[in-house]
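Student: I should like a close look at the aromatic ring pairs of this model. Please explain how they are classified and where their members lie.

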Amino acid sequence: MALFGPSTATATVAANTNAVTVTGMDLTVVTPGMTISLGARDRKKGDAWIIGAVAANGTNGGTLTLAGSVPDASTNVPFVIDTTGYLGTDASYAAAIGLAILSTLATLFGVATNLYSGARQLVLDKVSGSTVGRIAFAIAGRSWGDIAHRTLTYTPTGGQAASVETLALRAFPDGTTPTDALVIDLSAGTGDLRKGTATMASSSTVDLGSAPAGKVLITGTAAIASFGPGKNLERRCFIVDGGAVLKHAATSLSLPGRADIATAAGDQFVALSDSAGNWRVTSYQRASGKPLILPSLSDLGAQAALGFTPIQQGGGGGQGENKIYLGYSSALSSLRAQVDATDFGRVWTDYAAGNVLAGAGYQKFPNGLILQWSSVQVSDSDFTATFPIAFPNACFGVVPAVTYPTGSDTAYAVSVDDVRKNLVNLRCRVTRAGTTQAQGALPVRYLAWGY
């Protein structure tokens, strides 16, 4: 007698039905004509029910349809299957078992191996038209993904065709056509990860680690204080609406510039998390193209703001695009100007030149020339006039004049004698009817020049 009663298999059948659900046994070895006894696995117990049809569910059970209905219900009970009824001989059953084993071995070591667990299917495809070998994953016959080892041929722009051995993790979004998600170059040990996009709404916590994609679109305007607890992650984020504020936190959410960032539509940034789940924004790019943090003038090597609008350098009517230098000369105590390579010397300014515009005064010029003037009237005919200021170096000359009314036969004259840096001696004379003599109390004005 040949009995089959797996140690962990069970059977369930409702009262007055003929459908027996079996779990924990490969029903591909069971065929119509065999019998099943419910209630024990170490002996036949009760009636032996004839099996009319078998519907295997992979290698883990299935449904047996009996020739008649079972009057009493049984739930997860042990059972025994008697093979003696199969074509009437034990030898026939043994032959069937042998064929099933051969079929299994052929499947296992053939070009494709299908492993089942319920509706789930794992396919080991060793010879495929586009792969060297692959492991495919399916549910109820619908392909969801595979891992494929294949030779990838490509042609670089302007180069020769090249081939590399690759291992690709592929998805089947439509159930038929594979799409590479990760391609590993086996000759170089490098990989190309294709990153998808997920959309998340802004809130106090935007859990970037929960997004099943490397790129995240952030919508809404709520302030964001955390990117969640995700560890060792990298996310490229894109701001959709703008207006949300990223809140800086020294440890959990470190931002460039150590300050909050007011986002704008079109901005994007890269965020990395460490092994503790702390996030750091390593780069932030504004849609406007402007930098997030403006460099200081000292960073740029520029001078500070003048605080006033300077005169434009060249470019006016009849002017060339010259380079103008203007600076203070401590040696000359004045401003000095230069255009390109031509030195224009000192610049005339009221401060540098100096003047006293009065009856006794002077005017200094940028080149060092000094003009002085004054008026003198004393009782003596010969006298000394002191200049308003002393010439620093020398007096070149003095021109005096008498300002006094004359008659038709009278002439006044004044002459210069002994000119020094700080004074001049003057002599006044009068001529009447051909006679010349000294004359005092005449009003005299003079102009002196020097440097």
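Tutor: The following account turns to the aromatic pairs and their surroundings. The model is predicted, and the count comes to seven aromatic pairs. One of them joins Phe227 and Trp279: the ring centres are 5.9 Å apart and the planes stand at 85°, so the pair is edge-to-face, given that planes over 60 degrees apart count as such. Phe227 lies in the loop between β17 (215-219) and β18 (234-239), whereas Trp279 belongs to strand β23 (residues 279-285), so the contact ties together parts that are 52 residues apart in sequence. Both Phe227 and Trp279 are buried. Neither residue stands outside the wider arrangement of rings, for ring pairs link Phe227, Phe269, Trp279 and Tyr284 into a cluster.

A further aromatic pair is formed by Phe387 and Phe391, and this pair is likewise edge-to-face, with 5.4 Å from centre to centre and 75° between the planes. Phe387 has a relative accessibility of 4% and therefore counts as buried, the cut-off being under 20%. Phe391 has a relative accessible area of 2% and is therefore buried.

An aromatic ring may also face a charge. The charged end of Arg142 sits over the ring of Trp144, at 3.5 Å from the ring centre.

One aromatic residue may be placed within a sheet. Phe4 stands opposite Ile81 in β8. Strand β8 (residues 79-82) pairs with β1 in the antiparallel sense over two bridges. Eight strands make up the open, antiparallel sheet, in the order β1-β8-β4-β5-β6-β3-β2-β7. Its edge strands are β1 (3-4) and β7 (74-77), each of which pairs on one side only.

Terms used. Residues are numbered from 1 along each chain as its sequence is written. This is a predicted model: local features need pLDDT of at least 70, side-chain atom pairs count only at pLDDT 80 or more; totals for chains, interfaces and linings use all residues. Side-chain values use heavy atoms; hydrogens and water are left out. Rings of Phe, Tyr and Trp (its six-membered ring) pair if their centres lie within 6.5 Å; planes under 30 degrees apart count as stacked, over 60 as edge-to-face and the rest as tilted. Helices (H or I, at least four residues) and strands (E, at least two) are DSSP runs, numbered from the N terminus. Buried means under 20% relative accessible area, exposed over 50%, partly exposed in between (1.4 Å probe, protein chains only). A charge sits over a ring if NZ of Lys or CZ of Arg is within 6 Å of the ring centre and within 35 degrees of the ring normal. Two strands pair if DSSP finds at least two bridges between them.
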